[in-house]
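Please open the structure in your viewer and keep the selection tool at hand. The tour below goes from stop to stop, saying at each one what to select and what to look for.

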Amino acid sequence: MTTVFSTAMTANQTPAIPRGPVARGRVALVALWLLQIALAVMFAFAGGLKLTGAPELVALFDAIGIGQWFRYVTGSIEVVSAVALLVPSWAAFGALLLIPTMVGAVFTHLFIVGGSAVLATVLLTGSLAIAWARRDQLASVLSRRS
C-alpha cells in the first residue's frame, strides 16, 4: 500500500521568506546598489554640465576665482567617479574620489559663493556611505599592496 503525502498551505501559513542575516544582507546590497546608481546618475549629469560649459556653471567657477581649468578637473572627476560607481570592483574608489570633491563643494558653498550647501552635503553623505559599505574592498586592495 502506498501513502501519498501532500503539503497544503492553509491561510495562516506563508511560504518561506528568507529572514535573518541573509535577507538583511540582500536588502542592504540592493539599497547600496540603488544609492550607487542614483549618485552615478547625479554625478554624470553634473559633471557633464561642467564639461560642456553650461553658462551657470561657467559663472559659478568664475565666482570661485580659481579659473575654468578647475571646472574641467571637477567635471572630469565627477564623470569618472560616476562610471566607477557602476563597476563593482571600482565603486569604492569612485566614492573615495568623490569625498574630497564634495567636501570642497560644501566648503565653497558655505564660505565662497554662498547659496545652499544641502545638495552637496547629501552627495557627500552618499559618497561616505558607499565608501564605508565597501570598506572591505578597500582593505583587500591595500593588504595586497603591502
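What follows is a walk through a predicted model, beginning with its nonpolar core.

**The core**

Begin by selecting Leu39, Phe43, Leu85, Met102 and Ile130, which are the residues with the most contacts inside the largest nonpolar core, a group of 17 residues. If you then colour the helices α1 (21-52), α3 (68-85), α4 (91-113) and α5 (118-133), you will have marked elements that each supply at least two residues of this core. In soluble globular proteins, nonpolar side chains tend to be buried together.

Keep Ile130 selected and ask which residues Ile130 is in contact with, leaving aside its neighbours within four places in sequence. They are Leu32, Leu35, Gln36, Leu39, Leu85, Ala91 and Ala95.

**Helix α5**

Next, select the whole of α5, which has 16 residues and reaches 22 Å from its first C-alpha to its last, close to the 22 Å expected at 1.5 Å a residue. Within this helix, show the side chains of the buried residues, namely Ala120, Leu123, Leu124, Gly126, Ser127, Ile130 and Ala131. Because they cover an arc of only 160 degrees around the axis, these residues are on the same side of α5. Now turn to the face that points away from this buried side, where you will find the exposed residues Val118 and Trp132. While Trp132 is in view, add Arg135, whose charged end sits over the ring of Trp132, 4.0 Å from its centre.

**Helix α2**

Move on to α2 (residues 55-64) and select Leu57, Phe61 and Ile64, which are buried. Looking down the axis of α2, you will see that its buried residues fall within an arc of 45 degrees, so they line one face of the helix. The face turned away from this buried side carries the exposed residues Pro55, Glu56 and Asp62. Just after the helix, stop at Gly65, which follows α2 and has a positive phi, near 90 degrees.

**The aromatic rings**

Finally, select Phe61 again together with Trp69 and Phe70, since these three residues form one aromatic cluster. A search of the whole structure finds three aromatic pairs. In the pair of Trp69 and Phe70, the ring centres are 5.6 Å apart and the planes stand at 70 degrees, so the pair is edge-to-face. Phe70 itself is partly exposed, with a relative accessible area of 27%. As a last selection, show Arg71 and Tyr72, where the charged end of Arg71 sits over the ring of Tyr72, 4.4 Å from its centre.

Terms used
Residues numbered from 1 in each chain as written. Predicted model: local features only at pLDDT ≥ 70, side-chain atom pairs only at ≥ 80, totals over all residues. Heavy atoms only, no water. Core = buried A, V, L, I, M, F, W, Y, C linked by side-chain atoms within 4.5 Å. Buried < 20%, exposed > 50% of the residue type's maximum accessible area, 1.4 Å probe, protein only. Helix = DSSP H or I, 4+ residues; strand = E, 2+ residues; numbered from the N terminus. Contact = heavy atoms within 4.5 Å. Expected span 1.5 Å × (residues − 1). Arc of directions from axis to C-beta. Phe/Tyr/Trp six-rings, centres within 6.5 Å; stacked < 30°, edge-to-face > 60°. Lys NZ or Arg CZ within 6 Å of the ring centre and 35° of its normal.
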